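Please walk through this structure with attention to how its side chains pack and pair, and to how its strands and helices are arranged.

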Amino acid sequence: MKIALIAYGFTGSTLPLVKRFLKNGHSVSCFYIVNPGTNSLEALDFDTKYFFPRICKLESSALDQYFNSKNCRTNICVLIRKRKKFGNSFINTIIDQIDRRTIKQLCDKVKNSHFDVINIVGHMYPMDVIGGWLLKEKIVYSLHEIFLEHGSGNLELTTVASFALENKVPIIVHSMNSFSELKRISQNIYDISIRLIHFGEFETYLFPFNFDNEKVELHSYLLFFGSIQAYKGLSMLYDAINILKNKGPLSFKIVVAGRGNDPILKKMRESADYILINRYLGNGELVSLIKDCRAVICPYLSASQSGIPQTVFVFRKPVIAFNVGAFSEIIDSEKTGLLVDVINAKCLAIAIEKMMCNDSFYEGLLPDIRSVYNSNVYDWEYICNQYEVYFKELIEG
């Protein structure tokens with residue numbers, strides 16, 4: 001098959017898939033969308049930065065080494081994107097025009113290459129625009145999220161999910177949670193093909209993609225990382241830590257790393273128990289943080305799915321999470337981490353204490369984490385086979 005993959009990020013979950021496509025003899029062209037000045041994506045650093053709106057070959061010697069194949073062409077599509085500080089200004093109108101021109105160039109390039117199937121990965125603008133220009137081609141969406149704010153009472157579909165349903169574009173989702181929700185929404189309204197295919201470990205974090213590793217002079221801490229948003233439950237984590245502190249001084253630190261705003265960060269800054277890295281994390285820094293932690297915590301109050309376990313398990317670290325969304329599909333409680341069934345601070349505190357202070361329990365987890373992907377569901381070879389079967393169905397259908 002001649003396959004095109006167009007993604008806005010998501011390199012952690014797509015590069016391993018592309019590698020298996022190549023291994024199985026398929027020809028693959030990748031188009032990754034980035035913002036100006038970017039020299040990295042998830043689990044992938046580039047050899048150079050890209051500043052101007054255009055389509056150009058991605059420079060990454062490590063990527064060539066990882067793929068070990070001449071049947072892959074990897075490009076970067078540089079988009080300016082809207083800047084919130086400009087509001088609805090004339091500047092944003094100009095930015096839109098430049099971006100749309102660049103996107104059209106990308107779509108024309110894809111059309112002229114006559115691919116058997118085009119996999120569009122991403123759930124927000126401009127992936128719906130790309131789908132619109134490629135609607136007459138054999139396209140399929142891979143959606144990591146289907147709702148804009150899954151933690152709210154009013155579940156509104158993302159722009160791409162809405163576009164795909166309305167235009168009957170086949171959809172791949174990566175968790176039973178998202179699959180069930182999308183089936184429920186589309187039932188009796190949309191005649192559309194929806195397929196559940198999980199993704200495996202973000203193995204590219206283990207390869208030398210020029211990561212500029214930064215050592216963290218701290219060990220055996222509890223780590224939260226990722227974008228900081230209200231639904232991710234940092235306030236619940238803060239309350240749980242206070243419950244543990246009432247029993248005595250903590251024997252570990254809590255590192256909160258990531259870009260975003262939450263009022264609880266002010267209180268965390270005032271406590272010596274927390275180390276805050278409140279900014280975007282480079283790949284090298286993230287790798288170092290995960291390697292040196294004892295465990296990772298995801299106190300999310302709601303979720304669809306998350307790539308956190310697939311990142312953390314690469315480094316054989318356990319994960320603590322509330323049993324929401326797809327966490328139960330990937331975390332085997334008491335074996336590869338701890339799932340907390342009741343969303344309250346007291347239950348979370350019990351789980352944290354067990355993970356961080358009970359050495360015999362912790363050491364008993366490690367063998368299971370090392371074998372977590374013995375299951376076919378999260379094995380990249382099996383995942384690739386599922387894509388091949390589905391793509392063949394779409395091409396022949």
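Phe391 is buried, with a relative accessible area of 0%, where buried means under 20% relative accessible area, exposed means over 50% and partly exposed lies in between, calculated with a 1.4 Å probe on protein chains only. Tyr387 is likewise classed as buried, at 4%, and the two residues, four apart in helix H14, are separated by about one helical turn. Their rings form an edge-to-face aromatic pair, with 5.6 Å from centre to centre and 75° between the planes; here rings of Phe, Tyr and Trp (its six-membered ring) pair if their centres lie within 6.5 Å, and planes under 30 degrees apart count as stacked, over 60 as edge-to-face and the rest as tilted. Together with Phe21, these two residues, Tyr387 and Phe391, form one aromatic cluster.

This is a predicted model, in which local features need pLDDT of at least 70 and side-chain atom pairs count only at pLDDT 80 or more, whereas totals for chains, interfaces and linings use all residues. Residues are numbered from 1 along each chain as its sequence is written, and side-chain values use heavy atoms, with hydrogens and water left out.

By the ring rule, the count of aromatic pairs comes to 11. One of them joins Tyr231 and Tyr300, and because the ring centres are 5.9 Å apart and the planes meet at 75°, this pair is edge-to-face. The pair links distant parts of the chain, 69 residues apart, with Tyr231 in the loop between S11 and helix H7 (234-245) and Tyr300 in the loop between strand S14 (295-298) and helix H10 (308-312); helices (H or I, at least four residues) and strands (E, at least two) are DSSP runs, numbered from the N terminus. Tyr231 is partly exposed at 23% relative accessibility, whereas Tyr300, at 3%, is buried.

Aromatic rings also meet charged groups in this model. The charged end of Arg294 sits over the ring of Tyr362, 4.1 Å from its centre, and that of Lys354 sits over the ring of Phe361 at 4.6 Å from the centre; the criterion is that NZ of Lys or CZ of Arg is within 6 Å of the ring centre and within 35 degrees of the ring normal.

Side chains of opposite charge can pair when their charged atoms come close. Over the whole structure, a search finds 13 salt bridges, each defined as a side-chain nitrogen of Lys or Arg within 4 Å of a carboxyl oxygen of Asp or Glu. Glu203 forms one of these with Arg20, the closest N and O atoms being 2.6 Å apart. Because Glu203 lies in the loop between strand S10 (194-196) and strand S11 (222-225), and Arg20 in helix H1 (residues 11-23), the pair ties together parts that are 183 residues apart in sequence. Glu203 counts as buried at 13% relative accessibility, and Arg20 counts as buried at 12%.

Helix H1 also takes part in a salt bridge between Glu381 and Lys23, at 3.4 Å from N to O. Since Glu381 lies in helix H14 (residues 380-396) and Lys23 in helix H1, this pair ties together parts that are 358 residues apart in sequence. Glu381 is partly exposed, with a relative accessible area of 32%, while Lys23 is exposed at 61%.

A further salt bridge connects Lys104 and Asp108, whose closest N and O atoms are 3.0 Å apart. These two residues, Lys104 and Asp108, are four apart in helix H3 (residues 90-113) and are therefore separated by about one helical turn. Both are partly exposed, Lys104 at 39% relative accessibility and Asp108 at 28%. Salt bridges that share partners join Arg20, Lys23, Glu203 and Glu381 into one network.

The strands can be followed next. An open sheet of six strands has the order S13-S12-S11-S14-S15-S16, with parallel pairing, where two strands pair if DSSP finds at least two bridges between them. Strand S13 (274-277) and strand S16 (337-340) are the edge strands, each pairing on one side only, and the twist averages 20° from one strand to the next. Strand S12 (residues 254-257) pairs with S13 in the parallel sense over four bridges, and Val256 has Leu276 in S13 as its bridge partner.Helix H9 (residues 283-292) lies across S11, S12 and S13, running at about 150° to S11, with contact meaning heavy atoms within 4.5 Å. Axes are lines fitted to C-alpha atoms, for helices over the stretch in contact, and angles run from 0 to 180 degrees between N-to-C directions.
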